[in-house]
Amino acid sequence: QVQLQESGPGLVKPSQTLSLTCTVSGDSILSSYYWKWIRQPPGKGVEWVGSIAANGNTYYSPSLKNRASIERDTAANQFTLQLTSMTAEDTAVYYCGRGTTKTSFFVDSRGQGIQVTVSS
């Protein structure tokens with residue numbers, strides 16, 4: 001059974017860069033899934049942030065205006081999210097997950113989530 005665990009800071013200052021790591025166990029990030037970052041702002045629905053495919057191709061939500069970057073460490077079976085120029089609108093619970101669709105927030109497994117607050 002796949003398990004995912006997010007790690008990173010819970011508080012980020014405006015204009016700083018958020019860096020989150022997802023550690024995966026029970027499956028390889030080289031398997032034929034899309035490994036995703038999704039988020040849920042307070043009082044809003046779940047949003048797709050971006051995905052990395054088994055072949056390493058990456059896909060990002062256009063709403064993030066090129067601020068997101070997903071990379072992976074295959075030796076550690078981890079993938080990461082960097083989100084630059086953080087603002088209060090980026091405050092959300094961030095989840096990493098595994099899914100079969102490239103550009104949606106649907107996942108079949110996800111981590112417990114990490115609260116990220118943008119505040120000075």
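**Group meeting: an all-strand model, seen from strand 3**

Let me start with one pair of residues: threonine 23 sits opposite glutamine 78, which belongs to strand 8. Before I go on, keep in mind that this is a predicted model.

So, what's around that pair? Strand 3 and strand 8, residues 78–83, run antiparallel to each other, and 6 bridges hold the pairing. Strand 3 has another partner too. Strand 1, residues 3–7, pairs with strand 3, again antiparallel, this time through 5 bridges. If you want a spot to click on over there, take glutamate 6, which stands opposite cysteine 22 of strand 3.

Now look at the two faces of strand 3, which covers residues 18–25. Which residues are on the covered face? Those are Leu18, Leu20, Cys22 and Val24. Flip to the uncovered face and you get Ser19, Thr21, Thr23 and Ser25. So our opening residue, Thr23, is on the uncovered face, and Cys22, the one opposite glutamate 6, is on the covered face.

Next, glutamine 3, which is part of strand 1. Leaving aside residues up to four places away in sequence, glutamine 3 touches Thr23, Val24 and Ser25. And there's something from much further along the chain: glycine 111 is 108 residues away in sequence, yet its C-alpha is 6.9 Å from the C-alpha of glutamine 3.

That brings me to contacts in general. Take the contacts between residues at least 6 apart in sequence: 56% of them join residues at least 24 apart.

Okay, zooming out. How many helices and how many strands do we have? The count is 0 helices and 11 strands, so reading from the N terminus you just get β-β-β-β-β-β-β-β-β-β-β. As for compactness, the radius of gyration is 13 Å and the globule rule gives 14 Å for 120 residues; those are close, so the protein is as compact as a globular protein of that length. Along the principal axes, the C-alpha trace spans about 40 × 25 × 25 Å.

A few whole-protein numbers to finish. Of the 120 residues, 41% are buried. The accessible surface is about 6200 Å², and carbon and sulfur atoms account for 46% of that. On charge, there are 10 positive and 8 negative ones, and their mean positions lie 5 Å apart.

If you open the model yourselves, go back to strand 3, with strand 1 and strand 8 both paired to it in the antiparallel sense.

Technical notes: Residues numbered from 1 in each chain as written. Predicted model: local features only at pLDDT ≥ 70, side-chain atom pairs only at ≥ 80, totals over all residues. Heavy atoms only, no water. Buried < 20%, exposed > 50% of the residue type's maximum accessible area, 1.4 Å probe, protein only. Helix = DSSP H or I, 4+ residues; strand = E, 2+ residues; numbered from the N terminus. Pairing = 2+ DSSP bridges. Rg over C-alpha atoms; globule rule 2.2 N^0.38 Å. Contact = heavy atoms within 4.5 Å. Areas by Shrake-Rupley, 256 points an atom, 1.4 Å probe, with all protein chains shown as cover. Lys, Arg positive; Asp, Glu negative; His and termini not counted. Charge placed at Lys NZ, Arg CZ, Asp CG, Glu CD.
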